[in-house]
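Let's take a walk through this model together, going from single aromatic rings to whole helices packed side by side. Have the viewer open and follow along.

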Amino acid sequence: MNTFRIRDIVILGFMNFALFVGAGNIIFPPFIGLQAGTAVWTAAAGFLLTGVGLPVLTAIAMAKAGGALSAVTRPVGRVCGLMLAVICYLCIGPFFATPRTATVSYEIAIQSFTGSAVWLPVWSVVYFSIVILVSLHPGRLLDTVGRFLSPVKILALIVLAAAALAYPAGQARAPEGAYATAAFSQGLTSGYLTMDTMASLAFGLVIVNAIRSRGVTSARLITRYAVQSGLIAGVGLALVYLSLFRLGTGSTGLLVNATNGAQVLSAYVHHVFGAGGDVFLCALITLACLVTAIGLTCACAAWFSSVTRISYRAYAWFFAVFSMLVSNMGLTQLIAISVPALTAVYPVFIVLVLTYFIRARFHSPAHVIAPAAMVSFLFGIADALSTAGISAWPFVMVRYLPLHNQGLAWVLPSLVVLIAAAAAERWRSASSVTEKG
């Protein structure tokens, strides 16, 4: 039976980290830092909970589940679980996350020089050609990503982090918008946009398969290595985010009316490193986005091929081409569409992941967890409609709930239903024992 050395575990952790650090991870923290200003660390605390804490917990849950998403969604039943899995993979795959990697890399690598989006179609073809070339050979992923691309990506991020700490381009200003009154909760909901919790659900299978590809067959060892890689990735994510928050707060004098973090990052790097910095940033962002796009394409193709009779290669081609087409919408439009969609679906995945660790305490987990998950989904939809500016009865009633203004109206109802369902399940179990006695 094969085992991993410490070096192998570190490489696996680097691979896991590299898969996570893509478009959203790099562009959102600088923008939050710029907008939050002096309240940045309060916002950062909220962001780290959903941007690091939840993905790490999800990685641990997926490791314990052997990479099977169905094990996490089991309490809601086979049909609902399958629907949630499809939603998860489509969101982190061809609908939002994968196309976003191409648009972010284009906006920084090409548009920062040309000032025009006219070459985006050409860029998307070249970009996704590379993605498909690597994705068609998933067995080599640990070698390609873990041993080569990840160290290069990490080294580039270290350089960027050191610059952010040593060369601030301005002083933090007063918080803007929602950050002035609710910095923590705004940071909390902004962590959704990285999509890392859902990505972790998908990457769980990628990581497990990467471990198995090295001849490790013990379920216990696979779980241990997957958990350790998730923890390494979590520490790396936290350090990257903290440095990028600092970069954002120190970029106040560089640009006016920025609309996304790519603009903030580009302006800062040009200010500190000049033309050479522009080339450096282009290489960093393109590499970071490519690694994530490859991981997402592999994950989506592997899962869909496992539940249908269509081959992995066919799915890899389909998702790469579909993502290429969607990416031509542009970054700002993609983000605008993804915000309400993620607000709707994120709560149910959070509930399922968090309850995964306590479901063994329940005699019938489905009777406890399924109602809470359904409530979180319904209130998530209500929050999403509100975010999109749509007023539809009875969803408008959510406005009167605590935490609605922070996009977290689902939390209290879900918690109440979970506690009530757990109490009812315990009462039924006690009654059953009494009757048998």
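A good place to begin is F47, which counts as buried because its relative accessibility is 0%. Keep in mind as you look that this is a predicted model. F245 also has 0% relative accessibility, so F245 is buried as well.

What do these two rings do together? The centres of F47 and F245 lie 5.4 Å apart with their planes at 90°, so the pair is edge-to-face; planes over 60 degrees apart fall in that class. In sequence the partners are distant, 198 residues apart, with F47 in helix α3 and F245 in helix α12 (residues 219-249).

A second pair has another geometry. Y192 and Y346 are stacked, with 4.6 Å from centre to centre and 20° between the planes. Y192 sits in the loop between α10 (183-190) and α11, whereas Y346 belongs to helix α15 (residues 331-356), so this pair ties together parts that are 154 residues apart in sequence. Both Y192 and Y346 are buried.

Aromatic rings also gather in a cluster: ring pairs link Y89, F95, F96, W303, F304, Y315, F318, F319 and F322. The count of aromatic pairs comes to 19.

Now for the helices that carry some of these rings. Helix α3 (residues 40-64), home of F47, packs against helix α11 (residues 196-212) at an angle of about 25°, and their axes are 8 Å apart. Angles under 35 degrees count as roughly parallel, and α3 and α11 are therefore in that class. Their crossing is right-handed. On the α3 side the contact involves T50, G51, L54, P55, T58, A59 and M62, which meet D196, T197, S200, L201 and G204 of α11. Sorted by class, this contact of α3 with α11 has five nonpolar, six polar and one charged residues.

Helix α15, where we found Y346, has a packing partner too. α15 and helix α16 (residues 365-387) pack at about 160°, with axes 7 Å apart. That angle makes α15 roughly antiparallel to α16, since the class takes in angles over 145 degrees. The crossing of α15 and α16 is again right-handed. Residues of α15 in the contact include V339, P340, T343, V348 and L352, while those of α16 include I369, A372, F377, I381 and D383. By class, the contact of α15 with α16 has 14 nonpolar, five polar and one charged residues.

Conventions
Residues are numbered from 1 along each chain as its sequence is written. This is a predicted model: local features need pLDDT of at least 70, side-chain atom pairs count only at pLDDT 80 or more; totals for chains, interfaces and linings use all residues. Side-chain values use heavy atoms; hydrogens and water are left out. Axes are lines fitted to C-alpha atoms, for helices over the stretch in contact, and angles run from 0 to 180 degrees between N-to-C directions. Helices (H or I, at least four residues) and strands (E, at least two) are DSSP runs, numbered from the N terminus. Angles under 35 degrees count as roughly parallel, over 145 as roughly antiparallel, 65 to 115 as roughly perpendicular and the rest as oblique. A crossing is left-handed if the near helix is turned anticlockwise from the far one by less than a right angle, and right-handed if clockwise. Contact means heavy atoms within 4.5 Å. Ala, Val, Leu, Ile, Met, Phe, Trp, Tyr, Cys and Pro count as nonpolar, Asp, Glu, Lys and Arg as charged, and the others, Gly among them, as polar. Rings of Phe, Tyr and Trp (its six-membered ring) pair if their centres lie within 6.5 Å; planes under 30 degrees apart count as stacked, over 60 as edge-to-face and the rest as tilted. Buried means under 20% relative accessible area, exposed over 50%, partly exposed in between (1.4 Å probe, protein chains only).
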